[in-house]
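I wanted to know where the ligand sits and what surrounds it. These are my notes, in the order I looked things up.

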Amino acid sequence: MFELYLLIILLFITITIAISSLKIGISPMPSSKKVAMEILALAKNSTKNEIIDLGSGFGSLAIFLAINIPHKKVLAYEVSFFPYIISKVLKTILRVKNLEIYKKDFLKEDLKNSLLVCYLFPKGMQNLEDKLFDETINTEIISSTFAFRHIKFRKKIEVKDIYRTPIYFYKT
Ligand SMILES: C[S@@+](CC[C@H](N)C(=O)[O-])C[C@H]1O[C@@H](n2cnc3c(N)ncnc32)[C@H](O)[C@@H]1O
C-alpha cells in the first residue's frame, strides 16, 4: 500500500512539473556537469560579489557555484513550485550557507551589480534582454545555450560535449 501512495505522489509531482514547464516555456532540466564546470570557470573570474541563478530549477547549478565559490553570495530564483522545494531541501541537507533560494519571477527582481547566470529559452532570453535594456543595471551575464538577440557577447565558449553547447558571456 505504501508503494502505491508513493507512486501516486511521484506521479502527481511529475505531472505538476510538466504542466508548469508548459506554462513557463522550459522544464527545470539541470545544466550538465561539463557546462557547469565552464560556468564555474567564468564565474570565478567575475568581478561581481553576488551571483544570481535566473531560473534555478532543482538548484544543482546554484549549489555547485555556491560550494565552489564560498566567498561569494549566490541567489537563486525559481518560479516552479516543486523544483523550488527540492532545491531548498538539497540546500538544507548540504548546509550551503552562502546560497539563498526564492520562489520568485526573476523578471520582477532587482538584478543590479551582479553576475547573472542563466539557462533559459528564446522567449525567456528576450524578456531578460528587455529588462536589461529598460534598467541601467551594470551586470555580467553568463548564458548557457541561448544568446541575446541584440546585446553583443564579449566571449563565446563551446563546451566539449556532444551538443557543443555554447556559453555566452556579456557585460551591460
Ligand atoms: C533549464 S532550467 C535551468 C536550471 C539551472 N539554472 C541549471 O542551469 O541547472 C530553467 C529554469 O528556469 C525557470 N524559469 C524560467 N523563467 C523564469 C522566471 N521568469 N523566473 C524564475 N524562474 C524561471 C524554469 O522554471 C526552469 O526551472
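I began with the ligand contacts. A polar side-chain atom of Ser31 is 2.6 Å from an oxygen atom of the ligand. I note that the model is predicted, and that side-chain atom pairs count only at pLDDT 80 or more.

Next I looked at Glu78. An N or O atom of the Glu78 side chain lies 2.6 Å from a ligand oxygen atom. For Val79 I found a contact through the backbone: a polar backbone atom there is 3.4 Å from a nitrogen atom of the ligand. I then checked how covered the ligand is. Alone, the ligand exposes 600 Å², and the protein buries 96% of that.

I listed the shell around the ligand. It holds 21 residues, and those that come nearest are Ser31, Asp53, Gly55, Glu78 and Asp105. Sorted by class, the shell has eleven nonpolar, six polar and four charged residues. Ser31 and Glu78, named among the nearest, are also the residues whose side chains I had noted above.

Which pocket does the ligand take up? I compared the positions, and the space taken by the ligand is the largest pocket. I recorded a volume of about 460 Å³ for this pocket. Its lining has 30 residues, of which Ile26, Gly55, Glu78, Phe106 and Leu120 are the closest to the centre. Gly55 and Glu78 thus appear in this list and in that of the residues nearest the ligand.

I sorted the lining of the largest pocket by class and got 15 nonpolar, eleven polar and four charged residues. I also looked up which helices contribute. Helix H1 (2-24), helix H3 (60-68) and helix H5 (122-134) each supply at least two residues of that lining.

Last, I turned to the second largest pocket. I noted its volume as about 190 Å³. Its lining includes Met29, Pro30, Ser31, Ser32 and Val35, and further along the chain Tyr119, Ser144, Thr145, Asp161, Tyr163 and Thr165. By class I have five nonpolar, five polar and one charged residues for the second largest pocket. Ser31 is one of the residues lining this pocket, and its side chain is also the one with a polar atom 2.6 Å from a ligand oxygen.

Key. Residues are numbered from 1 along each chain as its sequence is written. This is a predicted model: local features need pLDDT of at least 70, side-chain atom pairs count only at pLDDT 80 or more; totals for chains, interfaces and linings use all residues. Side-chain values use heavy atoms; hydrogens and water are left out. On a 1 Å grid over the protein atoms alone, a cavity is a set of points where a 1.4 Å probe fits but cannot get out, and a pocket is an open set with protein on both sides within 12 Å along at least five of seven lines; lining residues have an atom within 4 Å of a point. Grid points are joined across faces, edges and corners, and a volume is the space filled by probe spheres set on the points. Helices (H or I, at least four residues) and strands (E, at least two) are DSSP runs, numbered from the N terminus. Ala, Val, Leu, Ile, Met, Phe, Trp, Tyr, Cys and Pro count as nonpolar, Asp, Glu, Lys and Arg as charged, and the others, Gly among them, as polar. A residue is near a molecule or strand if one of its heavy atoms lies within 4 Å of it. A polar contact is a pair of N or O atoms within 3.5 Å; within protein, one must be able to donate a hydrogen and the other to accept it, and residues adjacent in sequence count only if both atoms are side-chain atoms. Accessible areas come from the Shrake-Rupley method with a 1.4 Å probe; for residues, only the protein chains shown count as cover. A molecule sits in a cavity or pocket if more than half of its atoms lie within 2 Å of its grid points.
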